[in-house]
Each structure stands twice: as C-alpha cells, then as structure tokens.
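Welcome, and thanks for taking a look at this one with us. Below is a short briefing to read alongside the picture, grouped by topic so that you can find your way around.

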Amino acid sequence: SRRVRRVCLEAMGDIPTPAALEIILQELDTTDPVLASIALDAAGKTADPRAVNRIIARLETLPAHRWSPSAVEALGRLNAARALPLLRQGFQQGTRPIKVAILKASRAIGGRQATKLLIHASISQDISVRRTAQDLLTL
C-alpha cells in the first residue's frame, strides 16, 4: 500500500546500505509528490555522494518552499559546490527553514559564491536568517 511504502521510505533514510540508497534514488523519480518528497528527505539523510546529482536534479524540479532541509544540508556535507547557483536561487523563494539550511550548506561548501550569499543573508529582514548568517560568517 502507499502508506507502507511511505513508512518504509522514511526509515530507509536512516539505513546506510547500498540497497536502501538504490530504492531511495528510484523513488526520487516517482510521480507521487508525497513519496518523492519523502525520498528527497531520505536521500539527504544518507548524505551519500552517489545521491548528489539526483538531489540537485530533484530540487531543480521543485519550488524552493518544497525543498527538504535535510537534502539541502546534505549538499553542504558532501561539498557539492555545483549546487551553489541553485541554492542561491532557492534562497530567494525558500521558507525560513530552507533558508537556514541553504546558509548552513553554503558555509560547509565554502568559496566566494557561498560567502556572498552569507553576506547577503546577514542583512536579512528575518532575524533568524540574519543571525544564522552572521554566526556562520564568524566561524
């Protein structure tokens, strides 16, 4: 059933096995938006380098407010510099949790583009976003 599939997929994000990752990656392409969202979150939790391109590809198909913070942060843990243009774009449209995840990922990736995004966010009207950016700039 769909419910069983959903629960299993949620659990697979915590199971670092090649078989679990293969299932997660397959579900990223499902037409069911709920399952695809759960798969995106699970892919982010695995932080497996093989998932980077698939995470980026899936994020490109979604509006930023529907991104998974754990998937965004995984891009930072995986030092996915090629994701920075997408993260910059998503920052403009994202919700507060997405923006914070983007800032954390950008800091982890580092470099000139990431620093520019952090500086821009350090003057945000949103106090949580602003403080996160300021804290990350002082690390």
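Pro 85 is found in helix H6, in what is a predicted model. With a relative accessibility of 41%, Pro 85 counts as partly exposed. From the C-alpha of Pro 85 to that of Lys 104, 19 residues away along the chain, the separation is 15 Å.

**Helix H3**

- Helix H3 covers residues 33-46, which makes 14 residues, and spans 20 Å from its first C-alpha to its last, close to the 20 Å expected at 1.5 Å a residue.
- Just at the start of H3, Asp 32 brings a side-chain oxygen to within 2.9 Å of the backbone nitrogen of Val 34.
- The buried residues in H3 include Leu 35, Ala 36, Ile 38, Ala 39 and Leu 40, and further along the helix Ala 42, Ala 43 and Gly 44 are buried too.
- As a helpful rule, an α-helix has 3.6 residues a turn, so residues three or four places apart point the same way.
- Which helices do the buried residues of H3 pack against? They pack against helix H1 (2-12), helix H2 (18-27), helix H4 (52-60) and helix H5 (69-77).
- After H3 comes Ala 47, with a positive phi near 50°.

**The loop leading into H3**

- Thr 30 lies in the loop between H2 and H3.
- Is Thr 30 buried or exposed? Its relative accessible area is 17%, and because buried means under 20%, Thr 30 counts as buried.
- A polar atom in the side chain of Thr 30 lies 3.3 Å from the backbone nitrogen of Asp 32, the residue whose own side-chain oxygen reaches towards Val 34.
- Leaving aside residues up to four places away in sequence, Thr 30 touches Arg 5, Leu 35, Ala 36 and Arg 58. Of these contacts, Leu 35 and Ala 36 are buried residues of H3.

**Helix H7**

- Helix H7 runs over residues 96-109 and has 14 residues. Its reach from first C-alpha to last is 20 Å, close to the 20 Å expected at 1.5 Å a residue.
- Ile 98, Val 100, Ala 101, Ile 102, Leu 103, Ala 105, Ser 106 and Ile 109 are the buried residues of H7.
- These buried residues of H7 pack against H5, H6, H8 and H9.
- Gly 110 follows H7 and has a positive phi, near 75°.

**The nonpolar core and the rings**

- How many residues does the largest nonpolar core have? It has 43 residues, and those with the most contacts inside it are Trp 67, Leu 75, Leu 87 and Leu 103.
- Leu 103, a buried residue of H7, has a good list of contacts when residues up to four places away in sequence are not counted: among them are Phe 91, Leu 117, Leu 118, Ala 121 and Val 129.
- Phe 91 also has a charged partner: the charged end of Lys 99 sits over its ring, 5.3 Å from the centre.
- A search of the whole structure for aromatic pairs finds zero.

**The loop between H8 and H9**

- Ser 122 has its place in the loop between helix H8 (112-121) and helix H9 (127-137).
- With 13% relative accessibility, Ser 122 counts as buried.
- The Ser 122 side chain reaches the backbone oxygen of Ile 119 at 2.6 Å.
- Its contacts, not counting residues up to four places away in sequence, are Arg 130, Ala 133, Gln 134 and Leu 137.

**Residues with more open surroundings**

- Arg 131 is found in helix H9 and counts as exposed at 52% relative accessibility. Arg 131 and Arg 107 are 24 residues apart in sequence, with 14 Å between their C-alpha atoms.
- Glu 22 sits in helix H2 and is partly exposed, with a relative accessible area of 41%. The C-alpha atoms of Glu 22 and Ala 81 are 23 Å apart, and the two residues are 59 residues apart along the chain.
- Asn 79 belongs to the loop between H5 and helix H6 (84-93) and counts as partly exposed at 47% relative accessibility.
- Most residues other than glycine have a negative phi. Asn 79, although not a glycine, has a positive phi of about 55°.

Notes: Residues numbered from 1 in each chain as written. Predicted model: local features only at pLDDT ≥ 70, side-chain atom pairs only at ≥ 80, totals over all residues. Heavy atoms only, no water. Helix = DSSP H or I, 4+ residues; strand = E, 2+ residues; numbered from the N terminus. Expected span 1.5 Å × (residues − 1). Buried < 20%, exposed > 50% of the residue type's maximum accessible area, 1.4 Å probe, protein only. Contact = heavy atoms within 4.5 Å. Polar contact = N/O pair within 3.5 Å; in protein donor to acceptor, adjacent residues only side chain to side chain. Core = buried A, V, L, I, M, F, W, Y, C linked by side-chain atoms within 4.5 Å. Phe/Tyr/Trp six-rings, centres within 6.5 Å; stacked < 30°, edge-to-face > 60°. Lys NZ or Arg CZ within 6 Å of the ring centre and 35° of its normal.
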